[in-house]
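The following exercises concern the fold of a single chain, shown below. Please attempt each task before reading its solution.

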Amino acid sequence: MPIRRMAIGAAVAVLSAVAVPAQAHTPADPPYIPPPGRITVDVVGANGSGCPQGTATVATASDNTAFTVTYSNYLAQTGAGSGGTDFRKNCQLALRIHVPQGFTYAIARADYRGFAHLQRGAYGQERANYYFQGNAQTARTTHQFNGPFSDNWQASDQTEYADLVWAPCGEERNLNVNTELRVYGGTSSPQALSFMSMDSTDGSVSTVYHFEWKECPVG
């Protein structure tokens with residue numbers, strides 16, 4: 001898949017108005033100081049029914065605090081006109097994050113968003129986890145939305161500082177990001193359409209991953 005790279009500014013600011021506030025640091029925590037220089041994120045692999053080739057793009061915030069993933073064809077549905085496998089869509093992205101020498105990063109928080117239309121008795125789920133190439137996968141979190149529901153949705157996963165998983169210093173390893181949407185008809189009518197999307201048809205940001213930074217040990 002061709003490498004996609006973009007830069008953003010205002011998009012992250014727009015989302016921050018509705019996202020869960022960032023984790024507050026206590027005096028016992030190291031200071032949050034993004035490194036100088038330019039951070040880039042390349043999509044080096046994309047697999048899954050939720051992100052056909054060319055439908056997922058990545059952008060980095062100009063202040064090095066976050067990066068975003070925007071999808072254009074990520075929708076799970078059940079009910080009228082749905083295929084047998086349409087109830088579940090997933091995407092695994094392999095991301096190569098280039099950081100200034102002497103620094104390492106962890107993912108402190110992830111904000112997911114989209115739109116859902118769920119009939120009474122139906123429900124949808126958003127699931128996600130992320131891990132570094134060569135490391136064990138982190139626990140998968142699940143957020144559930146119950147019908148009747150027809151609105152934008154948002155879910156956030158936050159990791160305490162002591163539990164952060166840091167990229168190995170001095171190595172370039174892919175960050176693997178796994179997401180999944182599922183929609184179940186439940187007790188709703190089989191002819192009633194329910195769906196849940198993580199796409200961005202209106203041009204807004206769909207997913208934001210927030211960095212935590214620290215300096216690598218000298219030597």
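**Exercise 1. State what the secondary structure of the chain comes to, and give the run of its elements.**

Solution. Step 1: the chain has one helix and 13 strands, where helices (H or I, at least four residues) and strands (E, at least two) are DSSP runs numbered from the N terminus. Step 2: read from the N terminus on, the elements run β-α-β-β-β-β-β-β-β-β-β-β-β-β.

The model is predicted: local features need pLDDT of at least 70, side-chain atom pairs count only at pLDDT 80 or more, and totals for chains, interfaces and linings use all residues. Residues are numbered from 1 along each chain as its sequence is written, and side-chain values use heavy atoms, with hydrogens and water left out.

**Exercise 2. Characterise the burial, surface and contacts of the chain.**

Solution. Step 1: of the 219 residues in the chain, 46% are buried (under 20% relative accessible area, with a 1.4 Å probe and protein chains only). Step 2: the accessible surface, from the Shrake-Rupley method with a 1.4 Å probe, comes to about 10500 Å², and carbon and sulfur atoms hold 52% of that surface. Step 3: take the contacts (heavy atoms within 4.5 Å) between residues at least 6 apart in sequence; 82% of them join residues at least 24 apart.

**Exercise 3. Describe the surroundings of strand S4.**

Solution. Step 1: strand S4 spans residues 66-71, and five of its six residues are buried. Step 2: strand S3 (residues 56-61) runs antiparallel to S4 and is joined to S4 by five bridges; two strands pair if DSSP finds at least two bridges between them. Valine 58 stands opposite valine 69 in S4. Step 3: the hairpin of S3 and S4 has four residues between the strands, and asparagine 64 takes a positive phi near 65° there. Step 4: strand S13 (residues 207-215) is also antiparallel to S4, with four bridges joining the two. Phenylalanine 67 has tyrosine 209 in S13 as its bridge partner.

**Exercise 4. Which order do the strands of the open sheet of five strands follow, and which strands stand at its edges?**

Solution. Step 1: the order is S2-S6-S11-S8-S9, with antiparallel pairing. Step 2: strands S2 (40-47) and S9 (141-146) stand at the edges; each has a single partner strand, so one side of each is left without a neighbour in the sheet. Step 3: the twist averages 20° from one strand to the next, with axes as lines fitted to C-alpha atoms and angles from 0 to 180 degrees between N-to-C directions. Step 4: ten bridges pair strand S8 (residues 123-132) with strand S11 (residues 175-184) in the antiparallel sense, and asparagine 129 has asparagine 178 in S11 as its bridge partner.

Note on methods: Buried < 20%, exposed > 50% of the residue type's maximum accessible area, 1.4 Å probe, protein only.
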